[in-house]
Amino acid sequence: DATALQAFKSLIRRSQKRSIEVILAGVQDQPLDVLKKAGLCDIVGEDRIFPSLTPAIKYVKEKLDIVT
């Protein structure tokens, strides 16, 4: 749905403006394809999209170790 994609894009951009990092985990193939076609994966960053929760949590923990 184009309206949902636009709302999600807006949410991502507002979050990024506030220095909030958006991370996606466990996105199934079909929705991921839609996000890619809409350019949202480029906005989020391919390195912030994970196949499951475990690598996403590892990524966040590593980021927190760097910051603290």
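Visitor: How far apart are the mean positions of the positive and negative charges of the protein chain?

Guide: Start with the bookkeeping: Lys and Arg are taken as positive, Asp and Glu as negative, while His and the chain ends are not counted. Each charge is placed at NZ of Lys, CZ of Arg, CG of Asp or CD of Glu. In this chain, the mean positions of the 11 positive and 9 negative charges lie 7 Å apart.

Visitor: Before we go on, what kind of model is this?

Guide: It's a predicted model, where local features need pLDDT of at least 70 and side-chain atom pairs count only at pLDDT 80 or more, whereas totals for chains, interfaces and linings use all residues. Residues are numbered from 1 along each chain as its sequence is written, and side-chain values use heavy atoms, with hydrogens and water left out.

Visitor: Which pattern does the protein chain follow along the sequence?

Guide: Helices (H or I, at least four residues) and strands (E, at least two) are DSSP runs, numbered from the N terminus. Here you get four helices and two strands, in the order α-β-α-α-β-α. The C-alpha atoms fill a box of roughly 40 × 25 × 15 Å along the principal axes.

Visitor: What span should helix α1 have?

Guide: The rule is 1.5 Å times one less than the number of residues. Helix α1 (residues 2-17) has 16 residues, so it should span 22 Å, and its end C-alpha atoms agree with that at 23 Å apart.

Visitor: What happens to phi just after α1?

Guide: Most residues other than glycine have a negative phi. Ser-19 has a positive one of about 60° although it is not a glycine. Ser-19 sits in the loop between α1 and β1 (24-25).

Visitor: Is Ser-19 buried or exposed?

Guide: Buried is under 20% relative accessible area, exposed is over 50%, and partly exposed is in between (1.4 Å probe, protein chains only). Ser-19 has 69% relative accessibility, so it counts as exposed. Helix α1 gives you two other serines to try: Ser-15 and Ser-10. Ser-15 counts as buried because its relative accessibility is 12%, while Ser-10 is partly exposed because its value is 29%. Over in helix α2 there's Asp-29, which is exposed because its relative accessible area is 62%. For the chain of 68 residues, 24% count as buried.

Visitor: What does Ser-15 touch?

Guide: A contact here is heavy atoms within 4.5 Å. Leaving out residues up to four places away in sequence, Ser-15 touches Ile-20 and Val-22. Take the contacts between residues at least 6 apart in sequence, and 66% of them join residues at least 24 apart.

Visitor: Which residues make up the largest nonpolar core?

Guide: A nonpolar core is a set of buried Ala, Val, Leu, Ile, Met, Phe, Trp, Tyr and Cys residues joined through side-chain atoms within 4.5 Å. The largest one has ten residues: Ile-12, Val-22, Leu-24, Leu-32, Leu-35, Leu-40, Cys-41, Ile-43, Val-44 and Ile-49. Helices α2 (29-37) and α3 (40-44) each supply at least two of them, and α3 gives the most, with four residues.

Visitor: Which residues do Ile-43 and Leu-24 touch?

Guide: Again skipping residues up to four places away in sequence, Ile-43 touches Lys-9, Ile-12, Arg-13 and Gln-16. Leu-24 belongs to strand β1 and is buried because its relative accessible area is 12%. With that sequence filter, Leu-24 touches Phe-8, Leu-35, Val-44, Arg-48, Ile-49 and Phe-50.

Visitor: How far apart in space are Leu-24 and Glu-46?

Guide: Read the sequence gap next to the C-alpha distance. Leu-24 and Glu-46 are 22 residues apart in sequence and 9.5 Å apart in space. Asp-29 and Pro-51 are 22 residues apart along the chain, with 9.5 Å between their C-alpha atoms. For Ser-10 and Ile-57, 47 residues apart along the chain, the C-alpha separation is 24 Å.
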